[in-house]
Every structure is written in C-alpha cells, then in structure tokens.
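Student: I'm new to this one and would like a close look at a single part, the nonpolar core. Could you walk me through it?

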Amino acid sequence: MMSFPDKQDAAFSQLYTKYVSNLHAYGTSLGFASDVCMDAIQDVFCKLYLRKDELRHIYNIGFYLFRSLRNRLIDLQKQQYTTENIDDESLAFSVEVSVADLLEDEEERLLLKEKVERLLSILTNRQREAVYLRHMEELDYNQIAEIMGMNAASVRKLVYRALEVIRKHTTEISKRQKTN
C-alpha cells in the first residue's frame with residue numbers, strides 16, 4: 001500500500017483533528033452511543049484515506065464527512081437490527097449545547113445553555129437536526145437536504161417552521177413574564 005507524503009499525512013491529521021469533535025457531537029445527537037460514533041468516524045476517515053485518489057472531486061469536505069458519518073451510522077444500525085425497519089424518522093436527534101466560549105460568567109453560561117436546550121426540545125427530531133446542521137455546522141440547504149435525504153425546499157421549510165416554533169414559544173414566555 002502506498003502512503004501519503006509527509007505533507008499529506010499532516011494535512012489528513014489536521015482534517016481529522018478539525019472535524020472529529022463536531023462529527024462525534026453530531027453522531028451522538030442522532031442518538032448513537034459514543035463508542036459507535038467513534039468507530040463510524042474512524043470508518044469514514046479510513047475510507048477517505050484509502051480512496052483519496054477517487055475522492056478528489058469533493059468540493060466541501062465538511063459536508064462530505066457529515067453525510068458519510070450519518071450514512072455509516074445508519075448502516076451500522078441496520079446491521080445491528082436486520083429484522084427492524086430503520087429510517088430517517090427513527091433517529092432521535094438531540095443536541096448538547098456548548099456555550100463555554102461565549103460567556104465568561106458560569107451562571108450566565110448555564111442559564112443560556114438551559115434556555116437553548118429547552119427551546120430545542122420543543123422541536124421534532126428532524127427539525128433539531130436540520131437547525132443543528134444549518135446553524136451550528138453552517139451547511140447550506142442543498143447539503144442538508146442530501147444528508148437528510150430530502151429536497152432543499154423541504155429543508156428550508158423544515159428550518160423555517162422550526163424557527164417559527166421557537167419564536168412563538170419565546171414570545172409566549174415573554175408575554176407570561178411581563179404579566180407576572
């Protein structure tokens with residue numbers, strides 16, 4: 001087997017380091033165990049490393065990695081439960097919010113984290129996943145559509161409706177707080 005030259009090895013290592021924590025967070029948000037996520041991430045990077053010559057057409061590596069991880073996790077789940085039907089709707093998407101870098105005051109940080117998690121909890125799994133990919137990973141609607149197996153217009157509508165649910169909920173909370 002041929003190996004990468006040193007510069008390519010270093011670049012590959014940097015790529016892994018850059019994405020591993022976000023990929024892990026995404027995988028666990030889909031409801032998979034941490035060790036399963038790490039195994040799937042390793043599988044994705046092994047494939048990327050072994051097929052580097054075939055994959056030169058990749059224009060957005062982040063998108064490619066998220067899509068590949070999601071597909072690999074679903075494949076692993078299907079292998080584990082060969083008698084059950086597994087589909088996108090069965091993935092329970094939950095988000096662990098990290099605001100550590102945003103605020104210096106620990107109490108404010110915890111309050112903000114709790115508020116964001118409470119708001120995200122009112123969304124459906126698909127809405128949470130779409131909002132996460134759009135606003136946390138900054139993927140475009142076409143990329144999210146491909147990852148989630150939807151069309152771009154449906155993803156736009158999904159994100160729009162999710163944000164509308166959040167706006168409505170926060171407006172209701174604000175009104176209640178003003179009357180108290």
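Student: To get my bearings before the core, how many helices and strands does the secondary structure of the protein come to?

Tutor: Keep in mind that this is a predicted model. The protein has seven helices and zero strands, so along the sequence you read α-α-α-α-α-α-α. Of its 180 residues, 36% count as buried.

Now for the core. In soluble globular proteins, nonpolar side chains tend to be buried together. Here the largest nonpolar core has 35 residues. The elements giving two or more residues to it are helix 1 (6-29), helix 2 (34-50), helix 3 (61-80), helix 5 (125-136), helix 6 (141-148) and helix 7 (152-179). Among the residues with the most contacts inside this core are Leu-23, Phe-45, Leu-65 and Ile-147.

Let's zoom in on Leu-65. Setting aside neighbours within four places in sequence, Leu-65 is in contact with Tyr-19, Leu-23, Val-44, Phe-45 and Leu-48. There's also a second, separate core of six residues, including Leu-119, Leu-120, Ala-162 and Ile-166.

Ile-147 brings in another residue to look at: its backbone oxygen lies 3.1 Å from a polar atom of the Arg-70 side chain. Arg-70 sits in helix 3, and because its relative accessibility is 1%, Arg-70 counts as buried.

Stepping back to the whole protein, take the contacts between residues at least 6 apart in sequence: 61% of them join residues at least 24 apart. As for the outside, the accessible surface comes to about 11600 Å², and 50% of that belongs to carbon and sulfur atoms.

Technical notes: Residues numbered from 1 in each chain as written. Predicted model: local features only at pLDDT ≥ 70, side-chain atom pairs only at ≥ 80, totals over all residues. Heavy atoms only, no water. Core = buried A, V, L, I, M, F, W, Y, C linked by side-chain atoms within 4.5 Å. Buried < 20%, exposed > 50% of the residue type's maximum accessible area, 1.4 Å probe, protein only. Helix = DSSP H or I, 4+ residues; strand = E, 2+ residues; numbered from the N terminus. Contact = heavy atoms within 4.5 Å. Areas by Shrake-Rupley, 256 points an atom, 1.4 Å probe, with all protein chains shown as cover. Polar contact = N/O pair within 3.5 Å; in protein donor to acceptor, adjacent residues only side chain to side chain.
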